[in-house]
Amino acid sequence: MRVNNVHLILFLLSFICGVLVSSKDTCLAKESLANLQHKYVQVSGINFHYVTKGAGQPLILLHGFPETWYSWRENIDSLALYFQVIALDLKGYGDTDKPTGDYSLPTLSREIADLIRTLKLEKPVLVGHDWGGFIAWDVARNYPELLDK
């Protein structure tokens, strides 16, 4: 099978351009990530890790399975223009403790509600992706008084 030289050249150009674009994006992401504050809070006997940026109404981001706060990295800068962004590592993920025991939805939801109380957040917006979406929904259903949305 002969490879058409035009196709080979186009492939190589697209690969080189893709590497350059990825390198540029990586540099911007590293610069952006350097401005985040990494923090820890003890809630329900668990040491939770989170990153935060921005000011204003709190916006809590709950990641999906099997991710960490880092899955929100490309959204944090834009959201931080309007909110105090709090991107959390859920229990069992990232730099948050990984205790043995109960990982049921009611327990995880209670822990997020306790985290909101512990950080003294007033009416945060709670956003979840994938498994984090189930948790956010359950927190909203069982602890509506804690949330704005």
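**Exercise 1. Work out how enclosed strand 3 is, and which strands pair with it.**

Step 1. Five of the six residues in strand 3 are buried, so the rest of the structure largely encloses this strand. Buried here means under 20% relative accessible area, with a 1.4 Å probe and protein chains only. Helices (H or I, at least four residues) and strands (E, at least two) are DSSP runs, numbered from the N terminus.

A quick word on the model: it is predicted, so local features need pLDDT of at least 70 and side-chain atom pairs pLDDT 80 or more, while totals for chains, interfaces and linings use all residues. Residues are numbered from 1 along each chain as its sequence is written, and side-chain values use heavy atoms, leaving out hydrogens and water.

Step 2. Now look for partners; two strands pair if DSSP finds at least two bridges between them. Strand 3 (residues 57-62) runs parallel to strand 5 over four bridges, with Leu-61 bridged to Val-127. With strand 4, strand 3 pairs in the parallel sense over six bridges, and Leu-59 sits opposite Val-85.

**Exercise 2. Find the strand order and the edges of the sheet.**

Step 1. Line up the five strands: the order is 1-2-4-3-5, in an open sheet with mixed pairing.

Step 2. Check the ends. Strand 1 (37-43) and strand 5 (125-128) each have a single partner strand, so one side of each has no neighbour in the sheet.

Step 3. Add the twist, which averages 30° from one strand to the next.

**Exercise 3. Which face of helix 4 is buried, and what covers it?**

Step 1. Pick out the buried residues of helix 4 (residues 131-142): they are Gly-132, Ile-135, Ala-136, Asp-138 and Val-139.

Step 2. Look down the helix axis. These residues fall within an arc of 165°, so they line one face of helix 4. The arc is taken from the directions between the helix axis and the C-beta atoms.

Step 3. Find the cover, which includes strand 3, helix 3 and strand 5.

**Exercise 4. Describe how helix 3 and helix 4 meet.**

Step 1. Take the geometry: the helices pack at about 70°, with axes 9 Å apart. Axes are lines fitted to C-alpha atoms, for helices over the stretch in contact, and angles run from 0 to 180 degrees between N-to-C directions.

Step 2. Name the arrangement. Helix 3 and helix 4 are therefore roughly perpendicular, a label for angles of 65 to 115 degrees.

Step 3. List some residues in contact (heavy atoms within 4.5 Å). Among them are Leu-108 and Ile-112 of helix 3, and Trp-131 and Phe-134 of helix 4.

Terms used:
Buried means under 20% relative accessible area, exposed over 50%, partly exposed in between (1.4 Å probe, protein chains only). Angles under 35 degrees count as roughly parallel, over 145 as roughly antiparallel, 65 to 115 as roughly perpendicular and the rest as oblique.
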